[in-house]
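Reader: I'm new to this one. Can you show me the structure?

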Amino acid sequence: MDYRIQATQQTPAYIVYLLDISASMNQFMDAGGEQKRRIDVVTAALNSAIRQMVFRSTKGSRLSPRYKLSILAYSDNVFDVLGGIKGIDEVARMRPLENIQTQRLTNTAKAFEVAEKMLQRERENLWNCPAPLICHMTDGAFTGEDPEPVVRRIMEMKMPDGNVLVENIFISDEILKTPIKNSRKWPGIMPDTYLEDEYGNKLKKLSSPLPESYREMMLETGYKIEPGALMMLPGTNADLVSLGFQMSAATPVR
């Protein structure tokens with residue numbers, strides 16, 4: 001399983017973004033020396049990743065749909081922000097994140113269950129494509145059922161390119177022993193990296209190893225993620241949140 005199938009118009013990469021929009025996302029965090037709401041940092045970072053996908057899908061003046069996206073925002077309930085699966089050419093014309101409002105709770109299991117159903121429905125259409133990826137962004141422990149069983153089922157879903165990938169961006173101030181000074185030089189979270197936060201450790205177990213093909217794409221854009229790193233980002237500042245969304249879009253393209 002080497003995750004080498006490239007994203008093309010005929011074999012688009014499918015990414016599902018799961019965004020926690022619980023009330024705590026209104027708290028403020030560091031964004032390049034100023035304080036911004038977590039939800040605003042996240043929407044800016046995701047918009048930037050979408051622009052990167054558009055750039056990587058454009059040849060001359062033609063935008064070919066090399067990526068397909070779903071965006072699910074969740075709290076007590078799960079909201080399908082795009083209204084189904086959309087090609088990057090369609091998403092480029094939309095403003096999907098403009099009206100996201102924070103809610104109360106964090107029903108993570110329910111969000112992953114909706115994502116699992118979408119993957120099951122779409123699986124045959126994705127058979128010759130890069131392995132799908134779920135990029136989950138949260139800032140706190142779940143309410144409701146434990147998400148681990150459903151996340152494990154998703155991670156065991158096999159495709160010719162490799163198992164479905166799960167990435168976690170965990171927005172927290174207290175996750176690492178030593179703060180990351182420079183996200184460009186950061187080696188990544190390894191399976192044996194010590195995390196201060198109990199839920200952070202759980203998310204670490206529910207994060208796929210970063211495929212080498214993704215890591216190579218990230219090295220090209222100036223990051224120093226090391227072999228063996230997990231698809232988990234401690235979103236302690238805006239740079240790292242942005243790196244998390246860049247990682248989700250690092251599928252090899254032709």
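Reader: Where is alanine 92 found?
Author: Alanine 92 sits in the loop between helix H2 (88–91) and helix H3 (108–122). Helices here are DSSP runs of H or I with at least four residues, strands are E runs of at least two, and both are numbered from the N terminus.

Reader: Which source notes should I know?
Author: This is a predicted model: local features need pLDDT of at least 70, side-chain atom pairs count only at pLDDT 80 or more, and totals for chains, interfaces and linings use all residues. Residues are numbered from 1 along each chain as its sequence is written, and side-chain values use heavy atoms, with hydrogens and water left out.

Reader: Back to alanine 92. What is its relative accessible area?
Author: The value is 40%, so alanine 92 is partly exposed. Buried means under 20%, exposed over 50%, and partly exposed in between (1.4 Å probe, protein chains only).

Reader: Which residues does alanine 92 touch?
Author: Val54 and Leu63, leaving aside residues up to four places away in sequence. Contact means heavy atoms within 4.5 Å.

Reader: Now the whole chain. How many helices and strands?
Author: Seven helices and eleven strands.

Reader: And how much of the chain counts as buried?
Author: 56% of the 254 residues.

Reader: What are the spans along the principal axes?
Author: The C-alpha trace spans about 45 × 35 × 35 Å.

Reader: What about contacts along the chain?
Author: Take contacts between residues at least 6 apart in sequence: 76% of them join residues at least 24 apart.
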